[in-house]
Amino acid sequence: MASDAPPLVLDIDGTLTDDPGRLDPRAFDVLPSWDAPVVLATGKAFPYPVSLCHYLGLDKNVVAENGGVVLAAGEVTYTGDRDAAQAVADEFVARGGDLGWGSFDDTNYWRETEVAVDRSADETLLRAVAEEHEMEVIDTGYAYHVKTPGVEKGVGFERLCETLGMDAKEFVAVGDSVNDVSTFGVVGRSYAVANADEAARAAADEVLSESYMDGTLSVLRSLSE
Ligand SMILES: O=C(O)COP(=O)(O)O
Ligand SMILES: [Mg+2]
């Protein structure tokens, strides 16, 4: 690994995984030995990126819940209104919607600042209810997220950089969806994997020719040459 490898901010689903969302085991070949900070920035609930850092042997610097939860240098901060998101979810269900997670909802059980809904749900109804509550719905390709407007991965990431005393512009970002656009906007260089959605493709400095972890690895290899 070149000692001038830049710090990284990496999305998880669609970027370090395969299509169904299984972690690509090659993450273990490159990330533990990366010679600069590696930040995981995800729409997943807080325990997921923390666990992934733990098992990859990375310092626990994470942006979770699309920016709602930030952990850096042992300090956790929260933004976003879980109660407001829950009110949308409750009304959605009362009006016939189904969150789609079955009896034990591990997707939301540990989620503190927003609510995620399975993509099998009635999107039109969900968006209508959210709008009435002045909440936002984003579609990451893995879930609909009912969130507080203005809470974004990129905003949380800037907070993380401040805590670490680093400049967001030093970082290279890789991502795949609309929830990565705000990160792409604050880093020095951004890449969208080939499976990325329109929003991420439009926002990235470069759209990669390869998908999922193949795309991410192509960037990491070129940065570490
Ligand atoms: O939680 C999601 O919907 C997507 O997660 P991601 O931000 O790691 O891709
Ligand atoms: Mg993603």
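## Two domains and what lies between them

The centres of domain 1 and domain 2, taken over C-alpha atoms, are 23 Å apart. This is a predicted model, in which local features need pLDDT of at least 70, side-chain atom pairs count only at pLDDT 80 or more, and totals for chains, interfaces and linings use all residues. Residues are numbered from 1 along each chain as its sequence is written, with chains lettered from A and ligands numbered from 1 in the order in which they are written.

So where does each domain run? The chain is assigned domain 1 (8-79 + 151-223) and domain 2 (82-147), with bounds that come from an automatic or database domain assignment. Where they meet, 18 residues of domain 1 are in contact with 13 residues of domain 2 (contact: C-beta atoms, placed from the backbone, within 7 Å). Here is the domain 1 side of that meeting, next to the shell around ligand 1:

| Set of residues | Nonpolar | Polar | Charged |
|---|---|---|---|
| Domain 1 side touching domain 2 | seven residues | eight residues | three residues |
| Shell around ligand 1 | three residues | six residues | three residues |

In these classes, Ala, Val, Leu, Ile, Met, Phe, Trp, Tyr, Cys and Pro are nonpolar, Asp, Glu, Lys and Arg are charged, and the others, Gly among them, are polar.

The shell around ligand 1 takes at least three residues from each of the two domains. Among its members are Asp11, Asp13, Lys44, Tyr142 and Asn179, where a shell residue has its C-beta atom, placed from the backbone, within 6 Å of the ligand.

Now for the inside. The largest nonpolar core has 46 residues, and Val9, Val39, Val63 and Phe157 are among those with the most contacts inside it. Another core, of 16 residues, lies apart from it and includes Ala116 and Tyr142. A core is a set of buried Ala, Val, Leu, Ile, Met, Phe, Trp, Tyr and Cys residues joined through C-beta atoms within 7 Å. Buried means 20 or more other C-beta atoms within 10 Å of a residue's own, exposed means 12 or fewer, and partly exposed is in between, with C-beta atoms placed from the backbone.

Helix α2 (residues 47-56) has Tyr48, Pro49 and Leu52 buried. Those buried residues line one face of α2, because they fall within an arc of 90° seen down its axis (the arc is that of the directions from the helix axis to the C-beta atoms). They pack against β2 (38-41) and β3 (62-64). Helices (H or I, at least four residues) and strands (E, at least two) are DSSP runs, numbered from the N terminus.

Notes:
Contact = placed C-beta atoms within 7 Å.
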